[in-house]
Amino acid sequence: MQAQTLGGIQIPEWTPEEWGGTTPYEWLYDKRGNKFLQMQLLEVMAAKAKAAGIGNFKTLWKAYLETQKNVDGMPEGNATNFTGQPMELSCGRYQADDYGITINNGMGETLVCSHPIMPVRRIINIDSGVTMIELAFRRGKVWRKTIVPKQQISSAQKIVDLSEQGISVSSETARPLVAFLAYLEDANYERLQESHSVGRLGWVDGYGFSPYVDNLLFDGGADFQRAFDAVKPYGSWEAWKALALDVRAGKSIVARVILAASFASVLVEPMDATPFICHAWGGSEAGKTVGLMLATSVWASPVAGDYLRSYNGTTVANEMQAAFCGSLPLCLDELQCVKDRKSFDEMVYKLCEGVGRARATKTGGLQQIKTWRNCTISTGEMPITGEKSGGGAMNRVIEMDCKDEKLFKNPREVLAVIRKNYGIAGKKFVDFFASESMVEHARTMQAAFMERLQECATDKQALAASIILTADSMAELLLFQDGHALTVDDIAPFLTTKEQMDVNKRALAWLCDFVVSNPARFEPGDYGYSGECWGCVEDERAYIVKSVFDKAMKDAGFSPESFLSWAKRNGVIETAQNRTTKLKRLPKISVPARCVCLKISQAEDVTNSVVTDKAVLEQINCLFGTEEKPF
């Protein structure tokens, strides 16, 4: 008998033995790419099977399809049929081909989407557990992909936003599209590839160090994608190393500390420390920005806008950037962009807390709280703390005055090298710390530095400085082998002593200046005070009207209550009974006023006890100058 042809396909002539096996069914199953042709072939083959003695061919065909469903997950052979599709997915009652996606709901066909679209991967964030879906879609001839939160494609209100990316979806087709994508994911759950993602950089428990982990995707959004992509090894290790060796052998301690702080950032978490700030300030010709770019080049592209950012951002923006950096240094340039000096302390506290603000969700719950454990390296033309800064803020910042020092002999040459060679040193450095023994070695070294630094600085300053020294020593041991590791004596001049840190002593010094700089308010003329009366000075006592005192202290950033409590304990003020004030009849004023009575001689003794930077260095040299350095 002559073989029959249908749609250009020749139907074989099978023997009775073949009809009794699986050969005809396998041949027909291979034609599932064209559903219409497959159904035509089914009718012809059913007639041929009946002639061969197989009267229930269609029933056996359905059983065969059920068998194949267990093999490849395709129910009844109905699958997506898009030209060039990334994968074939079961689509149940949906008709999904190049003409679009439709479904027959019993009252006619409903249009789901006018073009091919399908989920191709499920992505789970390892920090939050939030699931993202990678969608593939085609408009025209080119397939494109986008990663979206599963929550977005599960809501008819939110899925409409995908129209911004070129996907055809409107308020009319939103619900059918949501149902279609949900069906495809559920029906093909085991077939969809599952990957893990992260929205930050740095140490990731159980995985390693982002972004150096294979098959770990970034889902932190388009705002940070450029910065994430900038963190990679690029160029020549030898070229970058030669530059770093030159800087480490140079005279600029500031440049060396900035470079060491970049390595130190990734040790904050392994050393179980808190975040801190390393800030270099000085004139515009010092080369501070070049130093910051050099620190950036340890990990990423130093080009402005890639990874390096400016202080010119909101508090929330700085918090988001710190959370994105995770363990890598947050590099901020141009402190002077912050116009409000009073916000400096707030910024220091927020960056050094390592925890973002708790924020509510629209549904009434709480968003995931962002965290980070790193070092912020910043530059500017002014210090980040001042005499009015709180002790906590000063404690968290290592400030370096560049003075008239040039950080680099040839800044242009530095820029030329780091723009073409970057990110290699950082990866090499963290690779060493995959070994727990190396981490323990670093902890031992850090503890030794900490013990020495506590003799000349507060605990928090000593902790930050010890991590910088440890990182520099480990970099010298593992990467450079040049014998130019920083020492305690190198970093000590930039640290703050406990005396300098005492906010109440600094408040007392400011209060004395306040009285001296306003003589007309404290000394009446022949006819009384010419303006407002703030108090008087007599008998080695400065009397300040309590309401004036409170306002002036608060305006200056000091706590009047905290200061008065300290001043009373230390005998700096004279009080009446259990109060922190006393009544005083001011000159040429008949009504007595409640005043803060400041003992001038006691105040002078206390303010003179604040140690200067030079004295700190002399103290350190006395303590450690003749001892053999441990590293």
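1. Contacts of C352. In this predicted model, C352 touches P275, F276, I277 and R396, leaving out residues up to four places away in sequence. C352 sits in helix α11, which covers residues 343-353. Its relative accessibility is 5%, so C352 counts as buried; the cut-off for that label is under 20%. T376 is 24 residues away from C352 along the chain, yet their C-alpha atoms are 8.5 Å apart.

2. The sheet. Five strands form an open sheet in the order β14-β15-β16-β13-β17. The pairing is parallel. At the edges are β14 (309-310) and β17 (397-401), and each of these pairs on one side only. β13 and β17 run parallel and are joined by five bridges. Within this part of the sheet, W281 stands opposite D401 of β17.

3. Helix α9 against the sheet. α9 lies across β13, β15 and β16. Relative to β16, the helix runs at about 160 degrees.

4. Burial of α9. Why is α9 described as largely enclosed by the rest of the structure? Nine of the 10 residues in this helix (residues 288-297) are buried, and therefore the description holds. The buried set consists of K288, V290, G291, L292, M293, L294, A295, T296 and S297. Note that a lysine, K288, is among them.

5. What packs on α9. The buried residues of α9 pack against helices and strands alike. The helices are α7 (237-248), α8 (253-264) and α13 (411-418). The strands are β13 (276-281), β15 (330-333) and β16 (375-380). Two residues from point 1 fall in these strands: F276 is a contact of C352, and β13 spans 276-281. T376 was paired with C352 by distance, and β16 spans 375-380.

6. Helix α16. This helix takes in residues 459-480, 22 in total. From first C-alpha to last, α16 reaches 30 Å, close to the 32 Å expected at 1.5 Å a residue. The helix is mostly covered, with 18 of its 22 residues buried. Just after α16 comes Q481, with a positive phi of about 50 degrees.

7. N504. Is N504 buried or exposed? Its relative accessibility is 13%, so N504 counts as buried. N504 belongs to helix α19, residues 503-516. Setting aside neighbours within four places in sequence, N504 is in contact with S562, F563 and W566.

Technical notes:
Residues numbered from 1 in each chain as written. Predicted model: local features only at pLDDT ≥ 70, side-chain atom pairs only at ≥ 80, totals over all residues. Heavy atoms only, no water. Helix = DSSP H or I, 4+ residues; strand = E, 2+ residues; numbered from the N terminus. Expected span 1.5 Å × (residues − 1). Buried < 20%, exposed > 50% of the residue type's maximum accessible area, 1.4 Å probe, protein only. Contact = heavy atoms within 4.5 Å. Pairing = 2+ DSSP bridges. Axes fitted to C-alpha atoms, helices over the stretch in contact; angles between N-to-C directions.
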